[in-house]
Amino acid sequence: MLLVDMTCKSHKDNFDPFPWYKGGLRFKCTGCGKCCTGFPGYVWVTEEEMAAMASLLNISVDLFKRRYTRIREGRYSLTEKVSQNYDCVFLKDKKCLVYEARPKQCRTFPWWEENLESEESWKCASQGCEGISEEAPLVPYDEIERNLKI
Ligand code: SF4
Ligand code: SF4
């Protein structure tokens with residue numbers, strides 16, 4: 001357990017219960033599809049998510065697993081087309097073929113803890129996502145937090 005010194009005045013005075021993005025962050029997805037391609041990675045999927053995607057594609061979960069997933073570190077991840085710039089197996093013409101049933105990892109991007117850790121990490125995420133931009137509308141703090149808790 002982390003011990004907090006509640007008697008330390010300077011700590012108390014400087015303590016801000018809100019994260020650095022309390023004023024909201026600017027983002028709007030442009031649909032460019034870049035977060036679904038470009039580099040090797042993992043899109044982790046749960047049994048429920050695979051069942052939802054299989055149902056959308058009208059195939060069995062077993063077939064879905066065989067066709068579209070691989071197992072890494074004991075978990076299922078969607079396969080990627082290595083020879084096609086590491087496209088996600090469901091990316092076609094910049095569109096997601098399972099959009100309505102896409103996994104949580106996709107639905108919540110870019111609101112991931114690692115992207116929100118600091119201003120630097122948010123800036124770093126913006127290099128791969130053109131939707132993170134000063135021109136984009138402001139997403140309020142409450143909405144960011146809701147996405148983080150999905
Ligand atoms: S990279 Fe960003 S803007 Fe492009 S599709 Fe992904 S979330 Fe949307
Ligand atoms: S499932 Fe869809 S949204 Fe997620 S990485 Fe693949 S193409 Fe992109």
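For the shells described here I count Ala, Val, Leu, Ile, Met, Phe, Trp, Tyr, Cys and Pro as nonpolar, Asp, Glu, Lys and Arg as charged, and the others, Gly among them, as polar. I keep in mind throughout that this is a predicted model.

**Confidence**

I looked up the confidence before anything else and found a mean pLDDT of 91 for the protein chain, with 91% of its residues at 70 or more. Residues 1–10 have a pLDDT below 50, and beyond near neighbours in sequence this stretch makes one contact in the model. Where pLDDT is low, the predicted coordinates should not be read in detail.

**Ligand shells**

I listed the residues around ligand 2 and obtained Cys36, Val43, Leu78, Cys88, Phe90, Leu91, Cys96, Val98, Arg102 and Cys106. Sorted by class, this shell around ligand 2 holds nine nonpolar residues, one charged residue and no polar ones.

Around ligand 1 I noted Cys29, Thr30, Gly31, Cys32, Gly33, Lys34 and Cys35, together with Phe109, Cys129, Glu130 and Gly131. The class count for ligand 1 is five nonpolar, four polar and two charged residues.

I then followed cysteine 88, a member of the ligand 2 shell, and asked which residues it contacts once neighbours within four places in sequence are left aside. For cysteine 88 these are Cys36, Thr37, Val43, Leu78 and Glu80.

**Core**

The largest nonpolar core has 14 residues, and those touching the most other members are Val45, Met50, Met53, Phe64, Leu78, Cys88 and Phe90. Helices α2 and α3 and strand β4 each give at least two residues to this core, and the largest share, three residues, is that of α2. Leu78, Cys88 and Phe90, which I have here among the core residues, also appear in my list for ligand 2.

**Sheet and hairpin**

I traced an open sheet of three strands, ordered β2-β4-β3, with antiparallel pairing. Its edges are β2 (44–45) and β3, each of which pairs on one side only. Between β3 (residues 69–72) and β4 (residues 75–78) I found four bridges in the antiparallel sense, and arginine 70 stands opposite serine 77 in β4. Two residues lie between the strands of this hairpin, where glutamate 73 adopts a positive phi near 50 degrees.

**Backbone outliers**

I checked two further positive phi values in residues other than glycine, beginning with asparagine 58, whose phi is near 60 degrees. Asparagine 58 sits in the loop between α2 (47–57) and α3 (61–68). Is asparagine 58 buried or exposed? I class asparagine 58 as exposed because 6 other C-beta atoms lie within 10 Å, against a cut-off of 12 or fewer.

Aspartate 93, likewise not a glycine, has a positive phi of about 50 degrees and is placed in the loop between β7 (91–92) and β8 (95–96). Aspartate 93 is also exposed, because 6 other C-beta atoms are found within 10 Å.

Lastly I looked at the peptide bond between phenylalanine 109 and proline 110, which is cis, with omega about 5 degrees. Proline 110 belongs to the loop between α4 (104–107) and α5 (113–116), while Phe109 is one of the residues around ligand 1.

Technical notes. Residues are numbered from 1 along each chain as its sequence is written. Chains are lettered from A and ligands numbered from 1 in the order in which they are written. This is a predicted model: local features need pLDDT of at least 70, side-chain atom pairs count only at pLDDT 80 or more; totals for chains, interfaces and linings use all residues. A residue is near a molecule or strand if its C-beta atom, placed from the backbone, lies within 6 Å of it. A residue is buried if 20 or more other C-beta atoms lie within 10 Å of its own, exposed if 12 or fewer, and partly exposed in between; C-beta atoms are placed from the backbone. Two strands pair if DSSP finds at least two bridges between them. A nonpolar core is a set of buried Ala, Val, Leu, Ile, Met, Phe, Trp, Tyr and Cys residues joined through C-beta atoms within 7 Å. Two residues are in contact if their C-beta atoms, placed from the backbone, lie within 7 Å. pLDDT is the predictor's confidence in each residue, from 0 to 100.
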